[in-house]
Structures are given as C-alpha cells and as structure tokens.
Amino acid sequence: MALIEIKDVLKTYRVMNGVQTKALRGVNLSVEEGSFVSIAGSSGSGKTTLLNIIGALDKPDEGSIIYEGRDITPIPVNQLSDFRLRKVGFIFQAYNLISTLTAIENTEYVMLLQGVNARLRRERSIDILKRVGLEEFIDRRPTQMSGGQQQRVAVARAIVSEPKVILADEPTANLDSATSMDLISLMRELNREKKITFIFSTHDEMVMSQADHVFHMKDGKFES
C-alpha cells in the first residue's frame with residue numbers, strides 16, 4: 001500500500017478582479033513509504049501548491065489526499081494541525097526559522113508542541129544537530145548563521161521528530177551548488193537510515209539526479 005495517494009486533485013485560486021488561476025488540473029500521484037521523490041518543474045507549474053496540499057496546509061477544490069489508506073480530505077481545517085504535527089515535517093525555501101530562538105531551540109520547537117519532555121527534546125536535538133554538522137552552532141540565532149547553516153537547522157527541525165514524510169519546497173534555491181549538494185546528500189542519507197519519505201520540489205537538474213523518482217509538472221499537471 002502506498003504511503004500517500006493523490007487522486008484527481010484540482011485547485012483553483014481567485015486573484016485580482018475575480019480572475020481564476022488553475023494551479024492544479026487533475027493531479028494523480030502515488031508515493032511509496034521510504035522513497036525519495038522529486039517534483040520538478042518551472043516556477044508557476046504547481047509544485048508548491050501540490051506540496052501544500054499533500055502537507056495539509058491547503059485543501060483541494062476536488063479530489064482526495066490519502067495517507068496510509070485514510071482519506072484526510074474531509075478532515076476540518078481546525079483538526080488538520082494535529083495531523084501535520086504528528087505526520088509531516090516541512091523544509092521551506094525561506095527556512096522559516098524563529099528569529100528569536102537559537103538553533104537548538106528552533107530544532108526543539110516541534111517536539112515542544114508535541115509535548116516531549118525537556119530532557120529528551122534536548123538530547124534528540126543535540127544529536128541531530130551534530131548529524132547536520134552544527135554541533136558548534138547550537139546556541140546561535142538565525143541572524144548569526146549563513147544561509148546553508150540555517151537550512152541545515154530547518155532540516156534538523158523537520159527530521160528530529162521522525163515524521164512519516166518530509167516535504168521540502170525548493171530546499172536548495174538560496175544555496176550555492178556545493179552547499180546544495182551537501183544538503184541533498186544529507187537528506188538522502190537520513191532517508192536511507194530512518195526510512196523517512198522525502199518529497200521535494202525543484203527545478204535543479206543536480207537535485208533531481210539524486211531522486212528515486214522524478215515527476216515533471218507543467219501548467220498544473222504531470223507531463224506524461
């Protein structure tokens with residue numbers, strides 16, 4: 001059974017003057033547990049919208065999102081936050097770190113929301129920050145770190161609670177090629193070790209080359 005199934009998903013946004021933009025046009029996708037999947041395509045192709053819907057940050061207008069055999073589409077918006085907290089990790093292009101928190105505090109944040117006790121939160125956070133090469137930066141705030149270091153904190157935060165799936169939206173877009181390769185290699189290593197499913201969007205050929213499966217999007221649907 002697939003971990004995630006996307007069935008006939010449509011999404012339309014209304015923009016200025018009532019004009020409609022069809023972001024997704026009948027998308028179907030099946031993702032096996034433990035896979036490393038790339039959603040490829042140019043800006044405006046629908047990649048980010050699809051990731052937001054897979055991660056329950058947005059709802060489709062039509063179609064179904066099925067996790068482990070359960071259709072989450074009918075779940076009310078106010079109940080989806082718990083699903084995201086328990087099942088999904090996010091890595092954003094803009095990092096989305098909390099500027100007033102240190103690297104270790106940002107890493108602990110999801111576990112704090114989950115109710116994990118302070119000692120275990122700290123132990124697990126230190127361990128994962130060591131894994132991503134930031135052992136000496138645990139007490140630094142985002143403004144005291146480079147873009148690559150901030151993105152590694154974002155990876156640590158997403159991984160530390162070991163969710164079923166991690167969604168990464170253009171995770172290397174703001175990084176140089178060497179840092180990008182290091183980051184993707186790290187994600188790949190953690191994918192293999194911990195069997196966490198990764199789905200990431202990109203238009204970078206180097207990043208795509210590391211994926212098990214690459215799905216190309218254009219104009220809101222997958223190219224055949």
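I'll talk through two pockets and one helix in this model.

Quick housekeeping: it's a predicted model, so local features need pLDDT of at least 70, side-chain atom pairs count only at pLDDT 80 or more, and totals for chains, interfaces and linings use all residues. Residues are numbered from 1 along each chain as its sequence is written, and side-chain values use heavy atoms, leaving out hydrogens and water.

Okay, helix α4, residues 118–131. Helices here are DSSP runs of H or I, at least four residues, strands are runs of E, at least two, and both are numbered from the N terminus. Which residues of α4 are buried? They're R121, S125, I128 and L129, where buried means under 20% relative accessible area with a 1.4 Å probe, protein chains only. Looking down the axis, those buried residues sit within an arc of 100°, so they line one face of the helix; the arc is taken from the directions from the helix axis to the C-beta atoms. They pack against α3, α5 and α6, with contact meaning heavy atoms within 4.5 Å.

Now the pockets. A pocket is an open set of points on a 1 Å grid over the protein atoms alone, where a 1.4 Å probe fits, with protein on both sides within 12 Å along at least five of seven lines; lining residues have an atom within 4 Å of a point. The largest has 16 lining residues, and R84, L85, V88, F90 and V110 are the closest to its centre. In the second largest, the lining includes G44, S45, G46, K47 and T48, and α1 gives the largest share, three residues.

Key
The expected span of a helix is 1.5 Å times one less than its number of residues. Buried means under 20% relative accessible area, exposed over 50%, partly exposed in between (1.4 Å probe, protein chains only).
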